[in-house]
Amino acid sequence: MQTGIDRSSPLPFYHQLKQILLAEIQGHELEPGTRLPGDHELCQRYEVSRTVVRQALSELESEGVIERIKGRGTFVSPPRTAEGLVQSLTGLYEDVALRGSTLRSDVRRLELVPADTQVAAELHLDPGQPVILIERLRFVDEEPWVLTVTHVPERLAPGLLDEDLTHRSLYALLEGEYGVRLARGHRSVEATTAGPALARHLGIAEGAAVLALRSTSFGPDGSPVESFVAYHRGDRSRFEVDLVRRPRAAAHPLMIVTG
């Protein structure tokens, strides 16, 4: 492992410094939450300019490896929760379990409501038909991670109103207890910022980056069985996508430009 700047290397000094710090983090010499040395100390330790240090740290920050907290310093970021976006129809519960972390949900609302126009369209219902609304603030390893608002047609799982969803997977519950099969889904993700209420719930600054994941799941007969919007902390989440090359005639647009 490189421990110092190789001044004979064609690689830029900032890139070498970035790789040195990254290796220390990945090798667990610098654990999540560890405060990194200050800019001045890094300059002295590696005999480089402040510009080199700042560029190396800037790239690590943009990649989510470190985070800078004003007035406190620079810290190693906790690993981001990876969630499969396209190829597998899984929920956050399954994704978090696969990485060995724990998920807890603070169920803020669990009630029967009439479907508004948007929810009715997503679930192929008439506006006003009863749907079960589930609002959950979800914690990964006891840190607030995502606020999710889910709607399920009441006729599919009427007993859902009496279930405890604190430590349970909604998908597993729907399939295991109510025989609701989830065959496929459609998901989209967009960047947004946190308003005052969302920022307070997620423990982030107002205006901080948030990833809004919207999803509708369908049963084997093609009818919608569940829809949700989930507001993920941008500094704690990433979405992974597996791609398959399709024939030109079968391709669908993957990017939609909104004005």
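**Close-up views of a predicted model**

**View 1. Val146, a buried residue.** At a relative accessibility of 1%, Val146 counts as buried. Here in this predicted model, Val146 belongs to strand S6, which spans residues 143–153. Look for Leu202 as well: Val146 and Leu202 are 56 residues apart along the chain, yet their C-alpha atoms are separated by 6.8 Å.

**View 2. Glu135 and its contacts in strand S5.** Is the charged residue Glu135 buried or exposed? With a relative accessible area of 16%, Glu135 is buried, because the cut-off for that class is under 20%. Glu135 sits in strand S5, which covers residues 130–140. Once neighbours within four places in sequence are set aside, Glu135 is in contact with Asp106, Val107, Arg108 and Arg109, and also with Leu147, Thr148 and Val149. Those last three, Leu147, Thr148 and Val149, fall within the residue range of strand S6, 143–153.

**View 3. Glu142, between two strands.** Follow the chain from strand S5 (130–140) to strand S6 (143–153), and Glu142 appears in the loop that lies between them. Its backbone deserves a moment: Glu142 is not a glycine, but has a positive phi of about 70°. For context, most residues other than glycine have a negative phi. As for its surroundings, Glu142 is exposed, with a relative accessible area of 51%.

**View 4. Glu47, between two helices.** Another glutamate with a positive phi is Glu47, at about 55°. Where does Glu47 lie? Glu47 is found in the loop between helix H2 (39–46) and H3. The relative accessible area of Glu47 is 61%, and this residue is therefore exposed, the cut-off being over 50%.

**View 5. Helices H2 and H3 crossing.** On either side of the loop that holds Glu47 are H2 and H3. The axes of these two helices come within 9 Å and cross at roughly 115°, so H2 and H3 are roughly perpendicular to each other. H2 passes H3 in a right-handed crossing. The residues of this contact divide into four nonpolar, one polar and three charged. From H2 come Asp39, His40, Leu42 and Cys43, which meet Arg50, Val53, Arg54 and Leu57 of H3.

**View 6. Helices H1 and H3 packed together.** What angle do H1 and H3 make as they pack? Helix H1 (residues 13–26) and helix H3 (residues 50–62) pack at about 55°, with their axes 8 Å apart, and H1 and H3 are therefore oblique to each other. The crossing of H1 and H3 is right-handed. On the H1 side, Phe13, Tyr14, Leu17, Lys18, Leu21 and Leu22 take part; they meet Val52, Val53, Gln55, Ala56, Leu57, Glu59 and Leu60 on the H3 side. By class, this contact has 10 nonpolar, one polar and two charged residues. Val53 and Leu57 of H3 are also among the residues that H2 meets.

**View 7. The whole protein, for orientation.** To place the close-ups, step back to the full chain, whose secondary structure comes to seven helices and 10 strands. Of its 259 residues, 41% count as buried. Among contacts with a separation of 6 or more, 58% come from residues 24 or more positions apart. The accessible surface of the protein comes to about 14,500 Å², and carbon and sulfur atoms account for 51% of it.

Terms used
Residues are numbered from 1 along each chain as its sequence is written. This is a predicted model: local features need pLDDT of at least 70, side-chain atom pairs count only at pLDDT 80 or more; totals for chains, interfaces and linings use all residues. Side-chain values use heavy atoms; hydrogens and water are left out. Axes are lines fitted to C-alpha atoms, for helices over the stretch in contact, and angles run from 0 to 180 degrees between N-to-C directions. Helices (H or I, at least four residues) and strands (E, at least two) are DSSP runs, numbered from the N terminus. Angles under 35 degrees count as roughly parallel, over 145 as roughly antiparallel, 65 to 115 as roughly perpendicular and the rest as oblique. A crossing is left-handed if the near helix is turned anticlockwise from the far one by less than a right angle, and right-handed if clockwise. Contact means heavy atoms within 4.5 Å. Ala, Val, Leu, Ile, Met, Phe, Trp, Tyr, Cys and Pro count as nonpolar, Asp, Glu, Lys and Arg as charged, and the others, Gly among them, as polar. Buried means under 20% relative accessible area, exposed over 50%, partly exposed in between (1.4 Å probe, protein chains only). Accessible areas come from the Shrake-Rupley method with a 1.4 Å probe; for residues, only the protein chains shown count as cover.
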